[in-house]
Amino acid sequence: MEERSPHDRAERQREFAECVLPEVEMLFRVAMTLTARPDQAEELVRGTLARAYRTFDRRDGRQPRTWLLTLMHQERTDRRRARGRRPRRDRGAGPGPAPAGASGPPAKPVVLGQSFHEVVDIALAALPVRYRQVVRLVDMDGLSYAEAAGSLGMSEATVKSRLRRARRRIRVRLAAAGLVPGRGER
């Protein structure tokens with residue numbers, strides 16, 4: 001390994017801080033979605049940051065968020081393998097039948113009250129983990145489809161499909177509670 005001068009090391013640390021530190025909060029939110037425990041999320045973020053520091057010179061530099069999410073996925077996979085667990089592939093039973101979503105103009109705005117948020121929280125909690133993860137990453141944490149796909153180790157198409165199914169299930173719950181128009185009521 002090539003020896004770096006103190007100036008080179010300081011420059012590398014500055015570049016690392018500029019590239020990575022703005023993304024730490026996002027990494028923690030994603031880690032919380034993936035692990036659901038703060039201590040495990042912190043360990044996953046620390047491992048991701050250590051991996052990022054080791055591989056910093058090999059990154060392409062164009063999309064630091066996507067690079068970091070890919071590293072987080074690799075770190076999570078390596079940790080699972082080290083514990084003797086293979087990463088789960090959610091290819092088991094799919095979602096139950098859900099009514100097809102109607103296309104057309106967007107629904108009229110609904111005045112949001114406490115009952116709306118309660119129904120959404122209940123609907124979100126009722127989703128299978130594979131759907132809940134994509135909703136949290138895309139709709140709550142603001143990740144792009146590509147970023148969510150990278151952090152979960154799946155294709156963008158899978159993220160889009162799961163998100164569409166999850167949103168449909170949430171909408172069905174909201175319609176059942178009378179908080180949004182149901183099918184054919186627009």
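This talk walks through the helices of one predicted model and how they pack.

Before I begin, please keep in mind that in this predicted model local features need pLDDT of at least 70 and side-chain atom pairs count only at pLDDT 80 or more, while totals for chains, interfaces and linings use all residues. Residues are numbered from 1 along each chain as its sequence is written, and side-chain values use heavy atoms, with hydrogens and water left out.

Let me start with the overall layout. The protein has 8 helices and 0 strands, where helices (H or I, at least four residues) and strands (E, at least two) are DSSP runs numbered from the N terminus. Of the 186 residues, 32% are buried, and buried here means under 20% relative accessible area with a 1.4 Å probe, counting protein chains only.

Now to the first pair of helices. Helix 2 (residues 24-35) and helix 3 (residues 38-54) have axes that come within 8 Å and cross at roughly 130°; the axes are lines fitted to C-alpha atoms over the stretch in contact, and angles run from 0 to 180 degrees between N-to-C directions. Why do we call helix 2 and helix 3 oblique to each other? Angles under 35 degrees count as roughly parallel, over 145 as roughly antiparallel, 65 to 115 as roughly perpendicular and the rest as oblique, and so the angle of roughly 130° makes this pair oblique. Where they meet, with contact meaning heavy atoms within 4.5 Å, the residues of helix 2 include Leu27 and Phe28, and those of helix 3 include Leu44 and Val45. The residues of this contact divide into 11 nonpolar, 3 polar and 1 charged, where Ala, Val, Leu, Ile, Met, Phe, Trp, Tyr, Cys and Pro count as nonpolar, Asp, Glu, Lys and Arg as charged, and the others, Gly among them, as polar.

Helix 2 has another partner, since helix 2 and helix 6 pack at an angle of about 170° with their axes 10 Å apart, and they are therefore roughly antiparallel to each other. Here Val30, Thr33 and Leu34 of helix 2 meet Gln133, Arg136 and Leu137 of helix 6. Within helix 6 (residues 129-140), Gln133 and Leu137 are among the buried residues.

Finally, the interior. The largest nonpolar core, meaning a set of buried Ala, Val, Leu, Ile, Met, Phe, Trp, Tyr and Cys residues joined through side-chain atoms within 4.5 Å, has 39 residues, and Leu27, Val30, Trp67, Met72, Leu127 and Leu174 touch the most other members. Leaving aside neighbours within four places in sequence, Leu174 is in contact with Phe116, Val119, Val120, Leu179 and Val180.

Technical notes: Buried means under 20% relative accessible area, exposed over 50%, partly exposed in between (1.4 Å probe, protein chains only).
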